[in-house]
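Welcome, and thanks for taking a look at this structure with us. Here is a short briefing to help you find your way around.

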Amino acid sequence: MSKTQNIFEQAKQLIPGGVNSPVRAFSSVGGTPVITEHALGSKLTDIDGKEYIDYIGSWGPAILGHSDPDVVKAITDSACKGISFGTSTTAELTIAKKITELMPTIEMVRMVTSGTEATMSALRLARAYTKRNKLIKFAGSYHGHGDSFLVKAGSGAMTFGTPTSPGVTQATADDTLIAEFNHIDSVAQLIKSNKDNVAAVIVEPVIGNAGVIPPVDNFLQKLRELTTANGVLLIIDEVMTGFRLAPGGAQEIYNVKADLTTMGKVIGGGLPIGAYGGRKEIMQMISPSGPVYQAGTLSGNPIAVAAGLATLNKLNDELYKTLEARSAQLESGIKTNLKKLSLPYTYQRVGSMNCLFFIDKPVISFDDAANCDTEKFSRYYQNMLNNGILLPPSQFEAFFVSVAHSQEDIEKTIKANYDSLC
Ligand SMILES: Cc1ncc(COP(=O)(O)O)c(C=O)c1O
């Protein structure tokens, strides 16, 4: 028995499913999940000493690759000054300045400890501000595991075939209305039939939790116009896209302005963090300047903020050019493989978020994604793993390119992709 199998067997006795977050369990692709010993740059090594080129990238935060020296230094310097205080620090002001500079729609920001907390808090705030109850979300989108969002959710929920979780009360589910991504009429219908009762629409601007699904046909602009016309707040969930697609996130790329933005992943440089922000008039309703309660023992934790700042400070034009060049190299190599093999698959990419769907048409909605051949994905996945390539273990996840991925890494990945598909 390998060390990995041994540890996983033991973990299953003490941790539900043997993991602390469901998709890590490899349930949908089969086999024993990778248990990491260490990771550096683009490479991750498991406890049996096998090295992989890693495209999980901590599920998005590792835009600089693993253990970037500047981030590690920021963490150790900060830890040497103290681990957590429960008082404010200067670094919290520095990161607030940085985020508001990078994302012009954010006039004020509140730090929390996960993306889940950011979306839950933003929804509460939107309800308080509009004095309305209902939320519109899109089928297949994932916004963390808050009850209101676990209705037709993407990612892990989709992977495990339980897009709506037991334990979510009917009352909560009733307040969550489901629209179709890229179908503006589906949103208009819901707003119309719930007149003056929709507080917010929350959207992943590029869905990254049902594979990678970009907005088409000016969908986000139409959403902006529709929500504004009906007094509905637009919450753009940039937990995955924020600072990854561009310094100003998907809002910069698609030229759309949120009322509230939720963030996580990259802004913590790999440490637990989240944030939500937006127009001052709305954000000032948060306690203690307003009545909407939201708090956190570890909110704005100095080490997480230091890691986040060290990461954000390295995001420059050069970095995004490198990310784009490597990602384009990967896309074109994989597409060439697919052509050579006459295989009807679909490759979708926005910046450094990539996805290979096992379906022969563009994927623009949850239904398209749900119709993909997940068995084929599992076989492909295992072959890639045997070739030393670690992709996220689900058809419904993006694989992330970092600046630490070298041209050689990408070439090896393209070659492994060819071997895996043959
Ligand atoms: C778009 C989006 N929103 C929210 C979340 C939840 O973030 P966290 O896992 O930090 O709670 C995720 C996590 O993958 C996400 O991708």
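The points below cover the domains, the ligand shell, the nonpolar cores and one sheet.

Please keep in mind that this is a predicted model. The domain assignment splits the chain into domain 1, domain 2 and domain 3. A ligand is surrounded by 16 residues, and the largest nonpolar core holds 120 residues.

**Domains**
- Domain 1 covers 1-34 and domain 2 covers 69-312 in the domain assignment.
- Domain 3 is assigned in two pieces, 327-346 and 356-373.
- Between the C-alpha centres of domain 1 and domain 2 there is a distance of 30 Å.

**Around the ligand**
- Among the 16 residues that surround the ligand, the closest are Ser114, Gly115, Thr116, Gly144 and Val239.
- Helix α4, made of residues 115-130, is the element that gives the most to this shell, with 3 residues.
- By residue type, the shell around the ligand has 10 polar, 4 nonpolar and 2 charged members.

**Nonpolar cores**
- In the largest nonpolar core, the residues that touch the most other members are Ala126, Ala200, Val201, Ile235, Ala275 and Leu390.
- Helix α11 (residues 302-312) supplies the largest share of this core, namely 8 residues.
- A second core, separate from the largest one, has 5 residues, among them Tyr142, Phe149, Leu150 and Ala153.
- To see how Ala126 is placed, set aside its neighbours within four places in sequence: Ala126 is then in contact with Ala199, Ala200, Leu233, Ile235 and Leu260.

**A sheet of 3 strands**
- Strands β11, β12 and β14 form an open sheet in the order β11-β12-β14, with antiparallel pairing.
- At the edges sit β11 (346-350) and β14 (399-400), each of which pairs on one side only.
- Strand β11 is joined to β12 by 5 bridges, and the two run antiparallel.
- One of the residue pairs to look for is Thr346 with its bridge partner in β12, Phe357.
- The hairpin of β11 and β12 has 2 residues between the strands, and Gly351 takes a positive phi near 55 degrees there.
- On the other side, strand β12 (residues 353-357) is joined to β14 by 2 bridges, again in an antiparallel arrangement.
- Here Asn354 is found opposite Phe399 in β14.
- As a general guide when viewing strands, side chains in a regular strand alternate between the two faces of the sheet.

Notes
Residues numbered from 1 in each chain as written. Predicted model: local features only at pLDDT ≥ 70, side-chain atom pairs only at ≥ 80, totals over all residues. Near = placed C-beta within 6 Å. Helix = DSSP H or I, 4+ residues; strand = E, 2+ residues; numbered from the N terminus. Nonpolar A, V, L, I, M, F, W, Y, C, P; charged D, E, K, R; others polar. Core = buried A, V, L, I, M, F, W, Y, C linked by C-beta atoms within 7 Å. Buried ≥ 20, exposed ≤ 12 C-beta atoms within 10 Å, placed from the backbone. Contact = placed C-beta atoms within 7 Å. Domains from an automatic or database assignment. Pairing = 2+ DSSP bridges.
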